[in-house]
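Got the model loaded in your viewer? Keep the selection box handy, and we'll walk from stop to stop.

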Amino acid sequence: MPVPTSQLTNPSIAGPLGTLAFSQVRPLSSSLALRAIRWHQSLERLGVVLPFALVHDAGLLFSTPREQLELGPRCDPKELAGRLRDAERIVEGYRAVLRELAESEAARCAAQLRMSDDLVTVVLSRLFGAVAARTHTPPAYRAMLPADAALFEGIEPQLRGLFLSARREFEQRALEALDVSRLYVLTMSDALDIETLRLFGMLGSEASAGALAQVDLLAALSSPEANDIVNFSLEILPSVLETKTRPAAGTTAAHGYSGLGTRGSIDSMVLTELAWDDMELARRIADNEVLYFAREQSRDEQRRIHYLLIDASASMRGDRQTFARGMAIATGKRLLLEGEDVAFRFFDARLYELYRAKNGQLPTAHLLSFKGERGRNPARVFAELATDLDLTRHHDPRTPVVHLFTHAALYIPREMVQAVQSHAHISAVFMLPSGGELDLDYLDLLDAHWVVDHATVASGAARASAAKAILGEKDRQDRPEEGGGAARRLGAPPNSHMA
């Protein structure tokens with residue numbers, strides 16, 4: 001028996017499991033149904049209360065390839081008449097909605113993507129939020145299903161008894177509301193942006209799971225501006241995803257030799273050093289002048305952290321916002337693939353909270369949905385940044401690298417830039433307004449900067465080419481052995497390179 005006898009009378013378990021009596025989707029592996037428990041719990045935290053079977057069926061349609069599912073009734077609707085009024089009609093309407101959802105392009109494409117549980121939860125909330133709002137009757141139980149796949153294994157013979165064990169006014173109202181909202185649900189399904197779901201599948205949908213991540217996901221899926229950023233990001237990400245972790249010079253006995261250095265072990269000493277007489281060799285050792293072969297090591301051993309600062313002020317609306325955030329996403333992904341530590345911060349008149357990339361995932365939803373609301377104050381922002389970097393260096397030995405994505409009119413007091421430069425390397429990507437020029441007195445303090453004119457930012461093909469060019473140059477600029485200081489204007493005539 002999948003549901004033990006001791007739990008058959010427990011409404012927290014029998015209540016939600018009993019709704020599978022009108023389920024129309026059966027996973028071939030019972031472990032797939034465990035994800036539905038997470039979706040159901042997360043939807044309740046968002047205030048979207050739905051029958052477990054609806055969450056189970058629709059969630060599997062949007063998250064699982066069809067070859068892993070069987071579509072069809074799991075129980076005869078006539079057996080549910082004791083708790084559902086007009087059971088056959090209600091269940092047939094439910095089956096029709098699921099059939100149309102299964103045939104939609106969104107469900108077919110989404111099932112092939114690697115969607116996280118939080119992303120599936122948000123998709124279900126978008127689809128069935130109106131259904132939950134129309135269901136004014138609360139459930140007769142509080143769902144508390146344990147994460148045990150055995151509960152779903154061979155449960156069909158128990159479904160009728162589980163369904164009849166509780167009052168089903170909530171399920172009755174929910175199925176009726178679904179029937180009334182059928183056109184709305186199908187419209188919301190067609191309105192799902194597959195490209196956004198694909199980007200989340202490539203990059204990850206959150207830096208940390210939870211209700212806050214789901215709120216960001218909801219905002220990203222409903223934001224028209226996010227669609228432009230997504231499309232631009234997908235244009236430039238394929239070249240980024242080819243990135244491999246680069247070796248760098250070090251003293252650890254790993255990989256091969258990469259050059260010469262003044263630190264190392266005795267076995268890597270350059271043999272010609274032994275030609276010095278004893279006194280000179282002792283002096284060279286004391287003065288750290290002895291040469292050693294430097295070995296290759298992975299870049300993450302260089303202990304750096306990259307802060308990507310994105311301008312969210314009113315001057316960055318439209319195409320500039322699309323370019324800046326798309327570039328930040330691509331730069332962050334490239335750095336992650338190279339083994340670097342990455343964190344993102346937005347700013348306008350203040351510096352906002354830090355969002356770190358964790359477990360190889362970018363805080364994509366936050367980057368797509370964030371909106372600044374506090375004007376513009378570069379002096380205050382860089383003063384805060386300098387203070388934060390000064391405090392951080394006392395407990396974090398990693399070298400900070402600041403990547404700035406902003407408007408060309410970011411007038412920062414020179415002394416503020418110097419304060420930041422004393423703690424971190426700085427590179428910047430500036431976007432020019434129409435007919436504008438870059439005239440900032442702190443450019444010589446930057447390790448590298450790029451200028452993209454208005455016509456380039458506003459043109460799809462030119463914008464993607466400029467972004468790929470910047471990413472390629474950033475790749476070289478980030479290599480300390482090759483030096484920095486690059487400065488280039490993109491979208492202008494070839495002779496407009498800046499000194």
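A word on labels before you click: helices (H or I, at least four residues) and strands (E, at least two) are DSSP runs, numbered from the N terminus. Residues are numbered from 1 along each chain as its sequence is written, and side-chain values use heavy atoms, with hydrogens and water left out. Bear in mind that this is a predicted model: local features need pLDDT of at least 70, side-chain atom pairs count only at pLDDT 80 or more, and totals for chains, interfaces and linings use all residues.

**Stop 1: helix α9**

Select M188, which sits in helix α9 (residues 182-191). Is M188 buried or exposed? It is buried, with a relative accessible area of 12%. Here, buried means under 20% relative accessible area, exposed means over 50%, and partly exposed is in between (1.4 Å probe, protein chains only). Now add A106 to the selection: M188 and A106 are 82 residues apart along the chain, and their C-alpha atoms are separated by 9.8 Å.

**Stop 2: helix α10**

Next, highlight helix α10, residues 194-203. Seven of its ten residues are buried, so α10 is largely enclosed by the rest of the structure. To colour the buried ones, pick I194, T196, L197, L199, F200, G201 and L203.

**Stop 3: two more buried alanines**

Jump to A53 in helix α3 (residues 52-63). A53 has a relative accessible area of 0%, so it counts as buried. Show T19 as well: 34 residues separate A53 and T19 in sequence, yet their C-alpha atoms are 5.3 Å apart in space.

Then go to A220, in helix α11 (residues 211-221). A220 is buried too, at 1% relative accessible area. Its partner to display is F370: A220 and F370 are 150 residues apart in sequence and 8.5 Å apart in space, C-alpha to C-alpha.

**Stop 4: α4 against α8**

Select residues 87-103 (helix α4) and 169-180 (helix α8). Two packed helices are described by the angle between their axes and the distance between the axes. The axes of α4 and α8 come within 9 Å and cross at roughly 50°. That crossing makes α4 oblique to α8. If you want to reproduce the angle, axes are lines fitted to C-alpha atoms, for helices over the stretch in contact, and angles run from 0 to 180 degrees between N-to-C directions. Angles under 35 degrees count as roughly parallel, over 145 as roughly antiparallel, 65 to 115 as roughly perpendicular and the rest as oblique.

Keep both helices on screen and show the side chains of R89 and D179. R89 forms a salt bridge with D179, the closest N and O atoms being 3.8 Å apart. The pair links distant parts of the chain, with R89 in α4 and D179 in α8, 90 residues apart. A salt bridge here is a side-chain nitrogen of Lys or Arg within 4 Å of a carboxyl oxygen of Asp or Glu. R89 counts as partly exposed at 45% relative accessibility, and so does D179 at 38%.

**Stop 5: more salt bridges**

How many salt bridges does a search of the whole structure find? It finds 29. One to check is R167 with E169, whose closest N and O atoms are 3.7 Å apart. E169 is partly exposed, with a relative accessible area of 39%.

Move on to R398 and D341, another salt bridge, with closest N and O atoms 2.6 Å apart. R398 lies in the loop between α16 (378-392) and β9 (399-407) and D341 in strand β7 (residues 341-347), so this pair ties together parts that are 57 residues apart in sequence. D341 is partly exposed at 36%. For a bigger selection, take E273, E280, R283, R284, D287 and E289: salt bridges that share partners join them into one network.

**Stop 6: positive phi**

Pick N288, in the loop between α13 (278-286) and β5 (292-298). N288 is not a glycine, but it has a positive phi of about 60°. At 44% relative accessibility, N288 counts as partly exposed.

Now try N359, in the loop between β8 (355-356) and α15 (364-369). N359 has a positive phi of about 55°, and it is not a glycine either. At 79% relative accessibility, N359 counts as exposed.
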